[in-house]
Amino acid sequence: MSVIKRILISFLSVFLVLFAVLLVIFITAVTSNINVIEENIKFQEEHLEYLQNDYYKSYTPKKESEIASFNLEKAVKDAVKINEIAVLGTHNSYQTLATEQTRFLMNIIDTITLKKLGLNTFDFKMDTLTEQLEMGIRNVEIDIETLDKNEKIEFKVTHNSFIDNASSAYDFEKAMQEIKLWSDNNPGHIPVFIIIEPKSFVIEVNGMKKFSLEYAGELEKVLVDTLGDSLLTPADMLRDYSSFKEMRENDDWLTLEETQGKIMVLLHDCDVTESYIALDESVKTQKMFPMLRYDDRNETYTSFILENDPWNAESRKAESIDECNLIVRTRADKYPDYSAERYEVTENCGSQLITTDFPEKTEGGEEHFYSFDGKKIKLLK
């Protein structure tokens, strides 16, 4: 046997052994990810029961003035509008720590790829939705996957049902109930913005389905049933205006006073966005505000846009915010990375929904967290 053949055989043997080891680790991670679903369900049920039966029994509402960097009472009296303030939000607001097996697998892949895939984001975790709201977070982002099984449609809140199911708000309906509970017990809060992002990549096994226009209708039913009169819809915002463009041209977003105690749901740009808008281009009959992109800034139905890069948000502020009177969402950081430079640009970009992966947390212990100089709401105009 030639030397080259021996080298090739040795190389192939090592490769097969490594592949077998990775396969075992992968299967272990997937299995642990399936098993964590039961833990998610149990935690959420117990958490909701605790909130309903204990937490809110002797509860004192939070003072919004304590999380604002300005005189909130005066701003309300002065009829400051919701597009004239910035609120702090969180990204993947439901996320708890991925299973040990998943993190082990991702660290191996990161090592092999020299961390080019950024899979160390699986170390990412958040407080519960209630704890975040208590801390002053007024914008949460929730990823959903659709489960259509046994003639029952449900929405699951998860980062990736295949490899990362860790979630403190796994059942979407219960997650909305949790937010509604907090809202009802804090009737004077400034509006809470919920960004819903249907996951674009879905492996259709065991009842999981790709999000569709039909499922968007089912999602709206859940929102109406759970949020009730706290839900502020596009029709509520538009009032007698024929379109959002007309409303924006009149710089007539609702005021803080008019939106106190309300919850707005924003549908993150996705594969269904166009058909969702096509149902009614005035968006008056829809329950969610479509979140669009900068190129859609002049469309009649545009109200909220995604501009996650703060440098883009800053360079486009003159058109998107000053001229078009849009509300813009921007990300201040992206776990695990953050920088003083990015934060400075974020502070000056004018965006009203500022999302961070480093919010202040109940347990503390973090070396770093992002806020508006310790506050969660700031005045822009």
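The protein comprises 13 helices and eleven strands, as assigned in a model that is predicted. Of its 381 residues, 51% are buried. Among the contacts with a separation of 6 or more, 74% are accounted for by residues 24 or more positions apart. The area that the protein exposes amounts to about 18200 Å², and carbon and sulfur atoms supply 51% of this area.

Helix α13, which spans residues 340-348, illustrates how buried and exposed positions are arranged around a single element. Its buried residues are Arg342, Tyr343, Val345 and Thr346. When α13 is viewed down its axis, these buried residues fall within an arc of 160 degrees, and they therefore line one face of the helix. Ala340, Glu341 and Glu344, by contrast, are exposed and lie on the other side of α13. The cover over the buried residues of α13 is provided by elements that include α11 (310-315), β9 (327-331) and β10 (353-356). Just after α13, the backbone at Gly350 adopts a positive phi of about 80 degrees.

Within helix α13, the surroundings of Val345 can be described in greater detail. Val345 counts as buried because its relative accessibility is 10%, which is below the cut-off of 20% that defines this class. When neighbours within four places in sequence are left aside, Val345 is in contact with Pro310, Trp311 and Glu314. A further relation links Val345 to Asp309: the two residues are 36 positions apart along the chain, and their C-alpha atoms are separated by 9.6 Å.

Attention may then be turned from the buried face of a helix to a nonpolar part of the surface. Phe201, Ile203 and Val205 form a nonpolar patch on the surface, and together these residues have about 300 Å² of accessible area. Of the patch members, Phe201 is located in the loop that connects β4 (192-198) with β5 (208-209). Phe201 counts as exposed because its relative accessibility reaches 62%, whereas the threshold for this class is a value over 50%. The two residues examined individually thus fall into opposite classes, since Val345 in α13 is buried at 10% relative accessibility, while Phe201 is exposed at 62%.

Methods:
Residues numbered from 1 in each chain as written. Predicted model: local features only at pLDDT ≥ 70, side-chain atom pairs only at ≥ 80, totals over all residues. Heavy atoms only, no water. Patch = residues over 30% accessible without salt bridge, like charges linked within 9 Å, V, L, I, M, F, W, Y side chains within 5 Å. Areas by Shrake-Rupley, 256 points an atom, 1.4 Å probe, with all protein chains shown as cover. Salt bridge = Lys/Arg side-chain N within 4 Å of Asp/Glu carboxyl O. Helix = DSSP H or I, 4+ residues; strand = E, 2+ residues; numbered from the N terminus. Buried < 20%, exposed > 50% of the residue type's maximum accessible area, 1.4 Å probe, protein only. Arc of directions from axis to C-beta. Contact = heavy atoms within 4.5 Å.
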